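Thank you all for coming; I would like to take a few minutes to walk through one model. Please have the display open while I talk.

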Amino acid sequence: MTAAYEDGSRNSPLLYARGIHVAYAEETVLADVSLALEPGACLALAGANGSGKSTLLRVCVGRRQPDRGEVRFAGAAPREADPAFRRDVGLLLDGAECFPDLTVAEHVRMVATAHGLGPRADAAADGVLAELGLDHRGDAFPDALSAGQRQMLLLASVLVRPARLIVVDEPEQRLDTAARRRLAAALRAAKTAGAAVLLASHDRATVEEVADRVLLLDRGRAAALGTPAEATGGAEASPWG
C-alpha cells in the first residue's frame with residue numbers, strides 16, 4: 001500500500017521534507033514544517049516577508065541544515081557538492097550572478113554545454129531565450145541589460161539545462177507583467193516536460209498560473225496547504241505582499 005504524504009498526495013515524491021525546524025539564536029524561523037513534491041508538479045510557498053519561505057528553500061537544497069527534521073531528494077539527503085545533485089537540480093536563489101564577460105547568448109550556451117547538451121546546446125539556448133523574450137539581446141553583455149532582463153538571463157540559465165527539480169526564489173522580481181507571463185509559461189512547460197518545481201513567490205498571478213498546490217507559511221509555521229484558492233483564500237493577511 002502506498003503511503004500518503006503530508007500534502008495529501010499518494011504518489012511517491014521526488015522531494016520531501018518532514019518536521020523541519022530552524023532557529024537562529026532564540027528566534028524560530030521554521031517550526032515543524034513538512035512538504036512533498038512529485039515530478040511534473042509545482043508547489044508554491046507563499047507568505048509574508050519573514051515567514052520562512054527562503055529558509056525552507058535553502059533547507060530543501062542542502063544550503064541550510066535544519067536543527068530538526070529530514071529532507072530527501074530522490075531518496076537521499078540533498079548535497080550541493082554532489083555532482084549528481086547539481087546535475088538534477090536547477091536553482092535560482094538570492095545572490096545568483098551573471099558572468100560579466102559573456103554575452104547573453106554565450107552565457108546560456110555555456111550552461112547548456114556544461115550540463116551535457118553537446119550539439120543541442122545552441123538550439124536549446126536559442127529556444128529558451130526566445131521563450132523568455134531575450135532573443136533580441138543575445139549579443140548584449142549583462143551590464144547593458146535592464147534589471148528585468150538580467151533576471152530573465154538568470155532564469156534562462158536555470159531553464160536551459162535538464163533538471164528533475166527546479167527551485168526558484170521570487171523569480172518574478174524586477175519583471176514587468178509581460179515578462180511574468182513568459183516566466184509562468186516557461187515554468188508550466190518545465191512541468192509538462194516532467195520537472196518538479198518548487199517556487200517561493202509574492203506574485204499571486206504567477207502562483208495561480210503555475211502552482212498545483214500552495215503551502216502558506218505564517219511566522220515559520222504551515223498555516224494552510226491546498227490549491228492556490230484553498231491555501232490563501234482564508235488567510236487573515238494577504239500572503240502576496
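Let me begin with terms: two strands are said to pair if DSSP finds at least two bridges between them, and helices (H or I, at least four residues) and strands (E, at least two) are DSSP runs, numbered from the N terminus. The model is predicted, so local features need pLDDT of at least 70 and side-chain atom pairs count only at pLDDT 80 or more, while totals for chains, interfaces and linings use all residues. Residues are numbered from 1 along each chain as its sequence is written, and side-chain values use heavy atoms, with hydrogens and water left out.

With that in place, strand S1, residues 15-24, pairs with S2 in the antiparallel sense over seven bridges, and within that pairing Leu 15 stands opposite Leu 37 of S2. The two strands belong to an open sheet of three strands in the order S2-S1-S4, with antiparallel pairing. Its edge strands, each pairing on one side only, are S2 (27-37) and S4 (68-73).

Next comes strand S3, residues 42-46, which is mostly covered, since five of its five residues are buried, meaning under 20% relative accessible area with a 1.4 Å probe and protein chains only. Cys 42, Ala 44 and Ala 46 point one way from S3, whereas Leu 43 and Leu 45 point the other way. S3 runs parallel to strand S7 (residues 196-200), to which four bridges join it, and there Leu 43 has Leu 198 as its bridge partner. Four bridges also join S3 to strand S8 (residues 213-218), again in parallel, with Leu 45 opposite Leu 215.

Turning to the helices, is H5 enclosed by the rest of the structure, or open to the outside? Of its 13 residues 10 are buried, so H5 is largely enclosed, and what covers those buried residues includes strand S5 (89-92), helix H3 (104-114), helix H4 (121-131), strand S6 (165-169) and H6.

Finally, H5 (residues 147-159) and H6 (residues 177-192) pack at about 5 degrees with their axes 12 Å apart, where axes are lines fitted to C-alpha atoms, for helices over the stretch in contact, and angles run from 0 to 180 degrees between N-to-C directions. The two are therefore roughly parallel, the word used for angles under 35 degrees. Their contact, meaning heavy atoms within 4.5 Å, involves Met 152, Leu 155 and Leu 159 of H5, and Ala 179, Arg 182, Leu 183, Ala 186 and Leu 187 of H6.

Methods: Parallel < 35°, antiparallel > 145°, perpendicular 65-115°, else oblique. Buried < 20%, exposed > 50% of the residue type's maximum accessible area, 1.4 Å probe, protein only.
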